[in-house]
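Biologist: Please take a close look at a single part of this model, and follow it outward step by step to whatever surrounds it. I would like one connected account rather than a list.

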Amino acid sequence: VSSVFQKIRGLRRKYDIIVCDDVLQRLLSPSDTLAMLSDHLRPGGVLMVTTPNAARGTARLRLLRGGNVCQPLSDDEAPEGEDKKMMPYREYTLREIEMLMKDAGLELTHSEFIIGMDVNANVWPPMPVKEYFLQNVFLAVQKIAPPLRNYLCVAGRRPTAEGEKGT
């Protein structure tokens, strides 16, 4: 965590847009990290965050079967020299991400549930029929019920002047 903060503090420029794609769930202190990133936005700049939805349909099914919502790190995701058991992992709901963005001093400009992965039948070796069928069912459910979608996308804008609201 200290290395993440050091890298962010080491930034010397201001940016128009910062994208955090699929990293928020790995941060030990997401509120502090988002606040530091918002400090590196130009006035009117945008911070965009995408992250897995804690309330997605597959996570709910996993809970019903007695499983854990959070998936463990695979060996290739763990940074070199770090014990993967020590890596933080926490998924969020849309409301939680919105609150984190507001706490970082950003005005919400976009907030939605998104579908993270489409069904792909053109894989090799061929996907088992049962898995293909279940992916199609999960995709259909996600299209019908947005709160059950796999991912969240939230964007916030840094105010252009102290206290000024965006248009």
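**The strand β2 and its surroundings**

Modeller: In this model, which is predicted, β2 and β4 run antiparallel and are joined by seven bridges. One position along this pairing is T51, which stands opposite L152 in β4. β2 also pairs with β1, here in the parallel sense and over six bridges, and within that pairing C20 has V49 of β2 as its bridge partner. The connection between these two parallel strands involves a helix, since β1, α2 and β2 together make a right-handed β-α-β unit.

The packing around these strands can be taken next. The largest nonpolar core of the model has 21 residues, and L24, L34, L37, L47, V49, I97 and M101 are those with the most contacts inside it. Two or more residues of this core come from each of α1 (2-9), β1 (15-21), α2 (30-39), β2 (41-52), α4 (94-103) and β4 (151-157), with α4 giving the most, namely four residues. As a general background, nonpolar side chains in soluble globular proteins tend to be buried together. V49 therefore deserves attention twice, as the bridge partner of C20 and as one of the core residues with the most contacts. L24 reaches V49 and T51, and its contacts beyond four places in sequence also include P30, L34, Y92, I97 and L100.

The cysteines call for a separate remark. C20 has a relative accessibility of 11%, and because this is under 20% it counts as buried; C153 is likewise buried, with a relative accessible area of 8%. A search of the whole structure nevertheless finds zero disulfides.

From T51 the path leads to polar neighbours. Q25, found in the loop between β1 and α2, makes a polar contact of 2.8 Å with T51 through the side chains, and Q25 counts as buried because its relative accessibility is 3%. Besides T51, the residues that Q25 touches, leaving out those up to four places away in sequence, are P52, P88, Y89, R90 and Y92. P52 in turn directs attention to E91, for the two C-alpha atoms are 6.2 Å apart in space although 39 residues separate E91 and P52 in sequence. E91 has its place in the loop between α3 and α4, and because its relative accessibility is 6% it counts as buried as well. The side chain of E91 has a polar contact of 2.6 Å with that of R56 and another, of 2.7 Å, with that of Y89; Y89 is also one of the residues touched by Q25.

One further residue belongs to the helix of the β-α-β unit. S38 lies in α2 and is buried, with a relative accessible area of 4%. Beyond four places in sequence, S38 touches A104, L106 and R158.

To draw the account together, β2 pairs in the parallel sense with β1 and antiparallel with β4, and β2 is among the elements that give two or more residues to the largest nonpolar core. T51 combines a place opposite L152 with a side-chain polar contact to the buried Q25.

Methods: Residues numbered from 1 in each chain as written. Predicted model: local features only at pLDDT ≥ 70, side-chain atom pairs only at ≥ 80, totals over all residues. Heavy atoms only, no water. Disulfide = S-S within 2.5 Å. Buried < 20%, exposed > 50% of the residue type's maximum accessible area, 1.4 Å probe, protein only. Core = buried A, V, L, I, M, F, W, Y, C linked by side-chain atoms within 4.5 Å. Contact = heavy atoms within 4.5 Å. Pairing = 2+ DSSP bridges. Right-handed = clockwise from strand over helix to strand, strands pointing away. Polar contact = N/O pair within 3.5 Å; in protein donor to acceptor, adjacent residues only side chain to side chain.
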